[in-house]
Every structure is written in structure tokens, then in C-alpha cells.
Amino acid sequence: KQWYQRRVRGSSETKKEEENLSLPKAEPLSREEELKAIKKQVEFYFGDSNFSRDKFLKAQAALSQGGFIPLKTILSFKRMRDYTLENTLEALASSTIVELSADKSGVRRALPVAEDDTAIPRTIYVKGWPKTTTIEDVEKFFAPHGTVLSVRLRRLENKDFKGSLFVEFATEDEALSVLNKKPQIPETVVEIKKDEAGPSETAILKRTLLYMTKGEWTQEKHEELQRHRTTIQKRKQEENDEKKKKKAKKEEERLEEEKKREEKEKERANRPIRPGLILKFGNIPPGQNCYTLKAIFEIYGAVRHVDYKKDEPTGYIRFLDPRTPLELIKGFTDKKTQIGDKTPTFELVTGDEEKAYWDTVTAAIAAKEKEQKGKKGFKGGKGGRGGKTFRGKGKGKAR
């Protein structure tokens with residue numbers, strides 16, 4: 001970002017910038033005064049303090065082989081529009097800063113642009129000016145202290161004056177003299193009315209102008225920029241460190257959950273089988289499902305799970321109490337209970353068949369837990385609450 005706007009009096013980087021300026025009205029000039037004003041303005045455009053920084057003028061100069069810029073372009077600038085070509089040619093004839101082309105249609109610098117910026121030692125930074133300050137005000141203020149070559153008002157993005165500016169003097173001694181003297185704006189007495197009907201009160205307005213060399217200002221801004229960059233880098237580093245901590249914590253939690261899951265699977269696999277809880281049933285009429293069957297079987301006691309797929313010939317009932325299967329068999333037998341138009345058959349699962357069934361159940365539970373973990377818990381979706389796993393009809397499993 002540029003630290004200052006181009007000097008409003010002479011900037012030709014963009015015509016739009018000049019058109020947005022609010023310039024004070026001046027009294028009509030005599031012919032002699034007008035020629036001096038033309039010469040001063042054009043010499044400013046091509047002088048060391050402006051030309052090396054003026055992208056527009058440098059680009060225009062690059063368009064011609066000799067570096068001449070058409071005078072009609074110069075006369076199109078806002079501060080040159082009131083001057084005629086004839087007066088401009090006459091004013092520039094004696095200039096040592098610029099020279100005219102052979103056909104008098106263009107103008108260029110008389111000397112090459114210096115490689116080093118010689119204006120920096122002759123330029124000072126001053127802060128604390130009223131917002132209504134104009135370039136003419138500044139030139140007039142510093143006129144008793146030296147020859148002012150240029151004034152650059154620093155502006156905000158909306159073009160409002162920031163209250164700080166750069167002043168370039170003809171010599172470094174003049175700039176240093178001003179820095180030592182630090183001239184101040186005279187105190188101003190103003191009248192203040194608290195209300196229209198009340199009496200007026202007087203107040204003294206005093207402003208303190210702060211001075212430094214442009215080199216000091218540049219160094220200060222450089223350090224400020226470095227501090228800003230350091231702050232941003234530090235903040236980014238802290239954010240990255242925080243992200244790494246969260247990632248590490250998340251990985252640690254994942255590993256801990258994985259460890260618990262493996263321990264749980266191992267514990268489940270090594271858990272001794274409680275015999276007498278599994279009852280195999282058959283001869284079920286079509287159209288039944290695990291939910292309807294569970295409701296029927298629960299008449300005789302708590303049912304943990306009905307393992308049955310719709311229209312399959314057989315299924316399994318898992319109870320919580322080993323006495324319940326026997327009571328169910330006795331109840332169905334004594335009452336000759338039917339499901340639909342069929343009398344179901346029951347067989348208590350024991351031995352190797354019972355062990356094989358429990359192994360299948362253990363593996364299914366472990367697989368389901370792993371699937372749920374992959375879907376980030378039980379917060380919805382096909383594997384969570386309300387999904388197809390636990391509440392689907394027909395092929396689901398009731399517990």
C-alpha cells in the first residue's frame with residue numbers, strides 16, 4: 001500500500017485524481033504571473049521530485065522515441081487547462097528543467113532522471129495539520145523558511161486529508177533548519193455557542209505540529225510494517241499450533257477409542273457363554289417379522305432379541321433369563337398356541353450350535369460398532385438413530 005497520495009498540485013498520474021480535488025479559487029493572474037505559473041507547474045511535472053514517481057508521465061514519455069510528451073497532453077491536466085499553447089511555449093522557452101521538441105509540439109526533461117532519490121534528504125514529514133489544509137496553505141506557511149519544491153498531502157482511501165504531509169525543500173540545509181525550528185501554527189481564537197439563544201464563549205485552538213525527516217518516517221513505517229507482519233505470522237503460527245493440537249488430540253482420542261473397542265471385542269470374545277438363553281423356532285407362517293414375533297414371545301418373559309428375517313423358515317430368540325425359554329415352550333405346548341394358522345416349533349440351542357451362534361452374534365456386534373464409528377457416532381444417517389439399521393421393517397433386527 002502506498003504511504004502517501006501524489007501531490008495534489010502537480011499529480012498527473014491520473015486525471016481522475018485531479019478532477020476529484022477541491023481547489024481554492026485564485027485571483028486572475030497578470031500575463032507575467034501566468035507565464036511564471038505555467039513554467040513552475042510544468043517544471044514540477046518534470047522535476048526530480050515528481051517525474052521519477054509519476055507513472056503516467058513516464059509511460060507517456062516511453063511512447064515516443066525522443067521521450068517527448070505532447071503538449072496537448074500536458075495542457076489537458078486540470079491545472080493547465082486555463083493556459084494557452086502560445087503562452088505555454090513562451091513560458092517554457094527559458095526553462096532549464098524541460099526542453100521543447102524541434103516542432104514545438106512536445107516537451108521532455110532536459111536531463112536524465114537521477115538513479116538515486118536525492119529528494120529524501122530534502123524532504124520532511126509533518127503531522128497535525130487541520131483537515132481543511134491546502135497545498136497553498138503549506139507553501140505559504142513554509143515560505144519564510146526555505147524554497148518549497150513540492151507538497152504531498154497524505155490522504156485516506158476516500159480522499160480525505162489525513163492531517164499529515166511531506167514537504168520537499170530545495171536544499172538539505174533548509175529541511176534541517178525547519179526540523180530544528182519546528183515552526184507551529186499560530187493559536188486561533190474562536191467563538192463557541194452552546195445554544196443559539198445563549199451567550200458566546202471564546203476558546204483558543206492550538207495545534208502542535210510533529211516533525212521528522214522522511215528517512216525517519218520511512219524507517220518508522222518499515223518497523224511498523226514489520227511488527228504488523230510479525231503479529232500476523234505469530235497469529236497464524238498460533239492458529240496452526242492450535243490446529244495441530246486439536247488434530248493430535250483427535251488422533252489420541254481415536255486411538256483411545258480404538259483401544260477400548262479392541263479391548264471390548266477381546267472381552268466379549270473371551271466372555272463365558274451363559275447357557276440356556278437361545279431358543280430356535282420354526283414353522284412360522286409367511287408375513288411375520290421380528291417385531292410381531294417379539295410381541296408374542298414377550299408374553300412369557302423378557303426377550304433380548306429376535307433374530308429373524310421375513311419369510312424365513314426358522315429364527316432364534318435370545319432371552320435374558322434361562323428359565324424363560326422353558327416357560328415359553330411349556331406355554332405354547334399347554335395352550336396349543338398358534339401363530340396364524342401354524343403351530344410353531346421350539347428347540348433349545350445347546351452345545352456347539354449354541355457356541356457357534358454366540359460367535360456369530362459377537363462378530364456381528366463388533367462389525368456394527370466399527371461401522372457406526374466410521375459414520376461418526378449415532379447422530380443420524382443410515383447407521384444412526386432413525387436409520388435403517390435399527391428401525392427398518394422386515395429385514396431389521398429387534399432387540
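The secondary structure of the protein comprises 13 helices and 13 strands. The model is a predicted one. Of its 399 residues, 36% count as buried. Among contacts in the protein with a separation of 6 or more, 66% are made by residues 24 or more positions apart.

The packing of two helices was examined through their axes. Two packed helices are described by the angle between their axes and the distance between the axes. For helix α2, residues 31-46, and helix α6, residues 85-92, the axes come within 9 Å and cross at roughly 70 degrees. Angles of 65 to 115 degrees count as roughly perpendicular, and α2 and α6 are therefore roughly perpendicular to each other. On the α2 side, the contact is formed by R31, E34, L35, I38, K39 and V42, which meet N87, T88, E90, A91 and L92 of α6. By class, five of the residues in this contact are nonpolar, two are polar and four are charged.

M80 is located in the loop between α5 and α6. Its relative accessibility is 0%, and M80 thus counts as buried. Apart from neighbours within four places in sequence, the contacts of M80 are I38, Q41, V42, Y45, I74, L75 and T88. Of these, I38 and V42 of α2 and T88 of α6 also take part in the contact between the two helices. The C-alpha atom of M80 is separated by 9.6 Å from that of A37, a residue 43 positions away along the chain.

Helix α4 spans residues 55-62, and within this helix L57, Q60 and A61 are buried. These residues cover an arc of only 100 degrees around the axis, which places them on the same side of α4. The exposed residues K55 and A62 are carried by the face of α4 turned away from the buried side. The cover over the buried residues of α4 includes α2, α3 (48-51), β1 (69-70) and α5 (71-74). Helix α2 thus contributes to covering α4 as well as meeting α6. At the N-terminal end of α4, D54 acts as a cap, with a side-chain oxygen 3.2 Å from the backbone nitrogen of F56.

T123 belongs to strand β4, which runs over residues 123-127. With a relative accessible area of 5%, T123 is buried. A polar atom of the T123 side chain lies 2.6 Å from the backbone oxygen of A119. When residues up to four places away in sequence are not counted, T123 touches F166, V167, E168, T213 and K214. Of these, F166, V167 and E168 fall within the range of strand β6 (161-169).

Positive phi values were found at two residues that are not glycine, K159 and D311. For K159, phi is near 80 degrees. This residue is found in the loop between β5 (148-155) and β6 (161-169). K159 has a relative accessible area of 36% and is partly exposed. For D311, phi is about 70 degrees. D311 lies in the loop that joins β11 (303-307) and β12 (314-319). The relative accessible area of D311 is 48%, and this residue is likewise partly exposed.

Terms used
Residues numbered from 1 in each chain as written. Heavy atoms only, no water. Axes fitted to C-alpha atoms, helices over the stretch in contact; angles between N-to-C directions. Helix = DSSP H or I, 4+ residues; strand = E, 2+ residues; numbered from the N terminus. Parallel < 35°, antiparallel > 145°, perpendicular 65-115°, else oblique. Contact = heavy atoms within 4.5 Å. Nonpolar A, V, L, I, M, F, W, Y, C, P; charged D, E, K, R; others polar. Buried < 20%, exposed > 50% of the residue type's maximum accessible area, 1.4 Å probe, protein only. Arc of directions from axis to C-beta. Polar contact = N/O pair within 3.5 Å; in protein donor to acceptor, adjacent residues only side chain to side chain.
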